[in-house]
Amino acid sequence: MEFRHLGRSGLMVSEISYGNWITHGSQVEEEAAKLCVQAALDEGITTFDTADVYAGTKAEEVLGRALKGVRRESLEIFTKVYWPTGPGRNDRGLSRKHITESINGSLRRLQTDYVDLYQAHRFDYETPLEETLKTFDDLVRQGKVLYIGVSEWTADQIAQALKIADEMGFDRIVSNQPQYSMLWRIIEPEIVPLSEKEGVGQIVWSPIGQGVLTGKYVPGQQPPEGSRATDKSGSAMIARFMRDDVLARVQELKPIAADLGLTMAQLAIAWVLQNQNVSSAIVGATRPEQVRDNVKAAGVKLEAGVLERIDEVLGDVVERDPAKTVSPQTRP
Ligand SMILES: NC(=O)c1ccc[n+]([C@@H]2O[C@H](COP(=O)([O-])OP(=O)(O)OC[C@H]3O[C@@H](n4cnc5c(N)ncnc54)[C@H](OP(=O)(O)O)[C@@H]3O)[C@@H](O)[C@H]2O)c1
């Protein structure tokens with residue numbers, strides 16, 4: 001495994017992180033979840049990403065159990081707050097009340113006294129930014145949270161938060177968690193340049209396009225049994241890539257991966273890691289073999305010619321519009 005700084009902070013994270021959205025507490029049984037976490041640890045992954053909302057809070061519990069007994073100092077545990085965790089109107093968003101209640105629930109479920117990174121899972125238009133940032137700052141002072149990050153915030157929102165933090169002396173955001181892959185490059189025009197300047201690192205999600213970039217979904221054929229595209233909790237989100245034009249172009253990446261002696265998953269993960277503003281690529285897995293396959297992307301260097309071949313193959317199926325970074329206008 002290779003390691004990078006999380007943005008400009010002193011925290012080191014593994015280039016490849018393990019995330020448990022859709023899998024733990026939902027798509028896969030607890031035993032499979034534990035085997036994946038064990039494979040991640042065996043392969044040198046130290047960074048684990050979850051969220052209060054995943055599997056209706058069950059994902060944090062599963063991760064807490066799977067990491068039990070592992071030396072806490074050897075791990076970086078990331079979680080998030082924003083999406084609903086209960087039926088009440090205050091069980092969501094980034095108010096002082098919900099953040100304070102949610103971190104306590106997360107710590108209990110994860111069986112830890114602190115999380116290394118606490119992330120605002122979207123922007124909350126219904127809470128003053130000062131209220132959110134002050135509450136995060138309080139959690140840092142209380143030692144419940146070591147670093148603060150955001151997820152799917154626009155460049156303007158990140159810039160606004162950094163300005164307030166600097167003016168008020170609050171802890172600064174060190175990371176953003178956006179979707180980023182060969183197919184989804186919307187952070188490149190605005191978010192990456194701002195983040196490079198401000199010392200914010202990207203911890204990118206769905207680097208394999210939720211499995212699509214492995215090439216296992218073939219145009220005109222049924223998705224393989226048990227894959228995310230067949231799972232009721234996963235199929236809605238993966239749908240944006242399950243189009244014949246996208247799947248056909250992805251098939252054409254196979255010779256590029258083969259020429260480099262890489263699997264398709266490794267090529268996809270290595271691709272996001274070529275961007276030096278990326279601190280870590282968070283991969284998901286339903287089976288330990290997938291984790292063992294994916295980690296081999298750490299440290300892989302892709303030459304400029306390879307990147308050009310990839311761009312030629314994918315052509316106009318790549319999404320680049322920065323306006324696709326959005327948070328709900330009202331709380332979900
Ligand atoms: N901040 C946010 O809003 C947000 C949103 C989404 C995700 N995330 C984070 O990012 C993490 C990763 O997201 P993701 O799970 O969508 O990422 P991904 O790594 O692009 O996709 C993971 C899925 O692809 C398949 N897969 C993985 N490796 C494979 C391999 N070597 N060969 C074949 N299939 C393979 C598996 O699904 P199957 O076996 O079922 O096909 C696996 O669950 C999440 O767990 C979460 O921590 C954050």
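## Location of the ligand

In this predicted model, the ligand sits in the largest pocket. Two elements each give two or more residues to the shell around the ligand, namely strand β10, spanning residues 278-283, and helix α11, spanning residues 288-294. Of these, α11 provides the largest share of the shell, with three residues.

## Residues around the ligand

The ligand is surrounded by 34 residues. Asp49, Ser206, Lys216, Arg228 and Thr286 are the closest of them. Classified by residue type, the shell consists of 18 polar, ten nonpolar and six charged residues.

## Polar contacts and coverage

Two contacts involve nitrogen on the ligand side and a protein side chain. An N or O atom in the side chain of Asp293 lies 2.9 Å from a nitrogen atom of the ligand. For Asn294, an N or O atom of the side chain is likewise placed 2.9 Å from a nitrogen atom of the ligand. Both residue numbers fall within the range of α11 (288-294).

A further contact involves the protein backbone: a backbone N or O atom of Gly19 is found 3.2 Å from an oxygen atom of the ligand. On its own, the ligand has 910 Å² of accessible area, and the protein covers 96% of this area.

## The largest pocket

The pocket that holds the ligand has a volume of about 840 Å³. Its lining comprises 45 residues, of which Trp21, Ser206, Gln210, Arg228 and Gly284 are the closest to the pocket centre. Ser206 and Arg228 also appear among the residues closest to the ligand.

The elements β10 and α11 each contribute at least two residues to this lining. The largest share, three residues, again belongs to α11. In terms of residue class, the lining contains 21 polar, 16 nonpolar and eight charged residues.

## The second largest pocket

The second largest pocket has a volume of about 150 Å³. The lining of this pocket is formed by Arg122, Glu152, Gln179, Trp184, Ile186, Trp205, Met237, Arg240, Lys324 and Val326.

By class, these lining residues divide into five nonpolar, four charged and one polar. Arg122, Glu152, Arg240 and Lys324 make up the charged group, and Gln179 is the polar residue. The nonpolar group consists of Trp184, Ile186, Trp205, Met237 and Val326.

Key: Residues are numbered from 1 along each chain as its sequence is written. This is a predicted model: local features need pLDDT of at least 70, side-chain atom pairs count only at pLDDT 80 or more; totals for chains, interfaces and linings use all residues. Side-chain values use heavy atoms; hydrogens and water are left out. A residue is near a molecule or strand if one of its heavy atoms lies within 4 Å of it. A polar contact is a pair of N or O atoms within 3.5 Å; within protein, one must be able to donate a hydrogen and the other to accept it, and residues adjacent in sequence count only if both atoms are side-chain atoms. Accessible areas come from the Shrake-Rupley method with a 1.4 Å probe; for residues, only the protein chains shown count as cover. On a 1 Å grid over the protein atoms alone, a cavity is a set of points where a 1.4 Å probe fits but cannot get out, and a pocket is an open set with protein on both sides within 12 Å along at least five of seven lines; lining residues have an atom within 4 Å of a point. A molecule sits in a cavity or pocket if more than half of its atoms lie within 2 Å of its grid points. Helices (H or I, at least four residues) and strands (E, at least two) are DSSP runs, numbered from the N terminus. Grid points are joined across faces, edges and corners, and a volume is the space filled by probe spheres set on the points.
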